[in-house]
There are 2 protein chains.
Amino acid sequence: MVTSRDVARLAGVSQSTVSYVMSGRRSISPETRRRVEEAIETLGFQPNAGARALASQRSQVIGLVVPFAPGADMTGVLPFIETITKCAREEDHNVILATEDEGAEGLTRLSDQSLCDAIVLMEVGSKDPRIPVAAGLSVPVILIGVPDDPAGLYCVDLDYTLAGRMAVDELAASAHDRVVLLGYPRDVLARDVNFVRRFLRGAEESAAAHDIAYAEVSPPDTSRAGAEVALDEALAGRGPGGCRLGLVVPDPQLIQPTLQSLLDRGLVPGRDLSVIGLCTDRTAETSTPPVTNLSLEPRDVSRRAMRILFRLLNRESVPTPSTVELVTPRLTLRQTSLPAH
Amino acid sequence: MVTSRDVARLAGVSQSTVSYVMSGRRSISPETRRRVEEAIETLGFQPNAGARALASQRSQVIGLVVPFAPGADMTGVLPFIETITKCAREEDHNVILATEDEGAEGLTRLSDQSLCDAIVLMEVGSKDPRIPVAAGLSVPVILIGVPDDPAGLYCVDLDYTLAGRMAVDELAASAHDRVVLLGYPRDVLARDVNFVRRFLRGAEESAAAHDIAYAEVSPPDTSRAGAEVALDEALAGRGPGGCRLGLVVPDPQLIQPTLQSLLDRGLVPGRDLSVIGLCTDRTAETSTPPVTNLSLEPRDVSRRAMRILFRLLNRESVPTPSTVELVTPRLTLRQTSLPAH
DNA sequence: GCGGGGTGTCGATGCGTATCGACAGCAATG
DNA sequence: CATTGCTGTCGATACGCATCGACACCCCGC
């Protein structure tokens, strides 16, 4: 292993000088800098992470707590991980992974062992028991999701209320008579994630504002069978022709089963009714048929979170704590939207 | 921050005794152990990761290099990450993430900065330039995937050759006359991942063995349009009725577009022809219609990799280096298989 | 009663880096 | 020429833990 001492010896300087060349925290003569940098290059020196962390009290690591719970929407998690990792690397930080099922202890472990300098917590529930713990840690915590009480922590999330409103707005604007929201299945409701309520509220508000017939249906789960049950109920009150029906499907996992169930009933989305999903663009593009969607914007949300995080770490100016940053979803019309009247 | 010194003071012992209580590397009297453990509990002591790594030369961290390259099959990556993280936690290790696009430098960084004790490298190409670098690191590297030259590294992967053979075997056994393999798109071929060749070889071998009509078609990409192009070619030589056609689709991303294209042509998978996909069970279950599939078994592959890894770290007996551990895929019949003749 | 082999604890040291205070050298100032 | 103020470098120290050697103590057996 090559140490800064080896570099110092080769460059004919002291170890501390090597350290100062690397950190730039003291001025160094051009000549010395050159010799040291050359020695670093020659030896391929890389500072030992543990020693650096011990001495500087900074691990240069970001803790990322990911939801791997069964039932969680796993397809959407990867873009978050990807974006967060890349943002971290841009600031010369690494990412350490913790799983949701470690619960609050996972957080204290990351913090108390000085494994990381900050934590990003994904998939935060309305009354997430980890929040009070997170608020008491010695490292800053950024939440992706909005709990009822952020306890002074920063929150970033998609603007689900706006998403719900946009979905119904769009259907109302394209002359639909009736909107049915195929809600979240029981296990998601049980996890009590805040975005569910927010989305529903937005949808309800918009429906009320446009004075459009509106109903909510909850499938037992996101399987094909679950979709069938929900659709039976959704289509039950369906009168004879002439009614333009719009389905709103906020659970990404329910979208494809729903589309398939409709096709099986001879109902073609985009011809006989409209379907708007809430999912990543990638999911929407590859669904069959490609579904009109409101994007979850995982990359934007992640970037916003990382931006706050590094501002905190660099002691730059930062918005007031407990600020909730909401990202605006993007509506993309695809094949499941009825053409204009 | 609570240190082992604080614990020692509270327990009335020396700091080294605290350390020995925690590591168990020297015998401790029951009474002393009790007092120390009580003090640890009272103070909520967690050893500082950096200091521990510095002193013990062990970071208790596993480096995981994930493919985030565009075009890579991202849906399948998450189960790997999940399983590897959980296996690591079971052995009291953490997982640090690196992205593929850091290339070989990412590996040397992880190793030379002593950021981790071992590395798991996913999505290894046939002539992956990272292999020679990986072989020269001071930490063990486990490959997920099989390069042409493993350079003494351990490899774990699905048995793609067997998967190819099983796919065609199944079609032959269920009385199909003709098999068309909708291959990988150009960008995957360009990445030159070894499993592509292995799968094709297995399929070809089986086709030859059963003396069944066999053809390979390469789509330009995995979009709907790409699937259309490939299908045009695949269905071109289609004679009049009576021919039982089987499609084999090894690229998970191509499966849904293919199914949809078939439905659009009025060809119902499972009624007019068979489709066998190579994808995770989860993908197969949620495709429309649910596709008969050979499972990629990401969890099994990950677990096998982690088993080797920890055997190496614990200096337990380990198979010969360069050993390739292959996991057997599992065939699950779903709705896209033609019923028996 | 005395030597010998364990057992359990302690003090000291090292891991590799960051950082603080000290200080030599030099230019500018009076 | 003496003084002040910088600039650039060095030595020493601390970070928190693991580990090594030393050693006090106790239980045997003779």
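Here are some exercises, with worked solutions, on a predicted model of two protein chains with two DNA strands.

**Exercise 1. Work out how chain A is built and how spread out it is.**

Step 1: Start with the secondary structure. Chain A has 14 helices and 12 strands.

Step 2: Compare the radius of gyration with the globule rule. For 341 residues the rule gives 20 Å, but chain A comes out at 25 Å, well over that, so the chain is more spread out than a compact globule.

Step 3: Put a box around the chain. Taken along the principal axes, the C-alpha atoms of chain A fill roughly 90 × 35 × 35 Å.

Step 4: Look at burial. Of the 341 residues in chain A, 55% are buried.

**Exercise 2. Describe the protein surface around DNA strand C.**

Step 1: Find the neighbours. DNA strand C is surrounded by 30 residues, and the closest are A:Ser4, A:Arg26, B:Thr17, B:Ser27 and B:Thr32.

Step 2: Ask which part of the strand faces the protein. Sugar and phosphate make up 55% of the strand C atoms that come within 4 Å of the protein.

Step 3: Check individual polar contacts. The side chain of A:Arg26 puts an N or O atom 2.2 Å from a base oxygen of DNA strand C. Phosphate oxygens of this strand turn up too: one is 2.5 Å from a side-chain N or O atom of B:Thr17, and B:Ser27 has a side-chain N or O atom 2.6 Å from a phosphate oxygen.

Step 4: Map the surface onto helices. At least two residues each come from H1 (4-11), H2 (15-23) and H4 (49-56) of chain A, and from H2 (15-23) and H4 (49-56) of chain B.

Step 5: Sort the residues by class. The surface near strand C has 11 nonpolar, 14 polar and 5 charged residues.

**Exercise 3. Now do the same for DNA strand D.**

Step 1: Count again. There are 29 residues around DNA strand D, with A:Thr17, A:Ser29, A:Thr32, B:Ser4 and B:Arg26 coming nearest.

Step 2: Split the strand's atoms. Within 4 Å of the protein, 56% of the atoms of DNA strand D belong to sugar or phosphate, and the rest belong to bases.

Step 3: Pick out contacts. B:Ser4 uses a backbone N or O atom, 2.5 Å from a phosphate oxygen of strand D. B:Asn48 also has a backbone N or O atom by a phosphate oxygen, at 3.3 Å. B:Tyr20 instead reaches a base: a side-chain N or O atom lies 2.7 Å from a base nitrogen.

Step 4: Name the helices and classes. H2 and H4 of chain A and H2 and H4 of chain B each supply at least two residues. By class, the surface has 11 nonpolar, 14 polar and 4 charged residues.

**Exercise 4. Take three salt bridges and say what each one links.**

Step 1: Get the total. Over all chains, the count comes to 58 salt bridges.

Step 2: Begin inside one helix. A:Arg35 and A:Glu31 meet at 3.4 Å, N to O. Both sit in helix H3 (residues 30-43) of chain A, 4 residues apart, about one turn of the helix. A:Arg35 is partly exposed at 29% relative accessibility, and A:Glu31 is partly exposed at 40%.

Step 3: Go across chains. A:Glu102 and B:Arg89 form a salt bridge at 3.5 Å, N to O. This pair runs from the loop between strand E2 (94-99) and helix H6 (103-112) of chain A to helix H5 (residues 77-90) of chain B. With a relative accessible area of 17%, A:Glu102 falls under the 20% cut-off and so counts as buried.

Step 4: Finish with a link along the sequence. In the bridge between A:Arg330 and A:Asp281, the closest N and O atoms are 3.0 Å apart. A:Arg330 is in the loop between strands E11 (324-327) and E12 (331-332), while A:Asp281 is in helix H13 (residues 281-286), so the pair ties together parts that are 49 residues apart in sequence. A:Arg330 is partly exposed at 40%, whereas A:Asp281 is buried at 18%.

**Exercise 5. Check the length of helix H10 (residues 194-210) of chain B.**

Step 1: Set the expectation. At 1.5 Å a residue, its 17 residues should span 24 Å.

Step 2: Compare. The end C-alpha atoms are 25 Å apart, which agrees.

Step 3: Look at burial and the helix end. Buried residues of H10(B) include B:Phe195, B:Val196, B:Phe199 and B:Leu200. Just after the helix, B:Asp211 takes a positive phi of about 55°.

Methods: Residues are numbered from 1 along each chain as its sequence is written. Chains are lettered from A and ligands numbered from 1 in the order in which they are written. This is a predicted model: local features need pLDDT of at least 70, side-chain atom pairs count only at pLDDT 80 or more; totals for chains, interfaces and linings use all residues. Side-chain values use heavy atoms; hydrogens and water are left out. A residue is near a molecule or strand if one of its heavy atoms lies within 4 Å of it. A polar contact is a pair of N or O atoms within 3.5 Å; within protein, one must be able to donate a hydrogen and the other to accept it, and residues adjacent in sequence count only if both atoms are side-chain atoms. Ala, Val, Leu, Ile, Met, Phe, Trp, Tyr, Cys and Pro count as nonpolar, Asp, Glu, Lys and Arg as charged, and the others, Gly among them, as polar. A salt bridge is a side-chain nitrogen of Lys or Arg within 4 Å of a carboxyl oxygen of Asp or Glu. Buried means under 20% relative accessible area, exposed over 50%, partly exposed in between (1.4 Å probe, protein chains only). The expected span of a helix is 1.5 Å times one less than its number of residues. The radius of gyration is taken over C-alpha atoms; the globule rule is 2.2 Å times the number of residues to the power 0.38.
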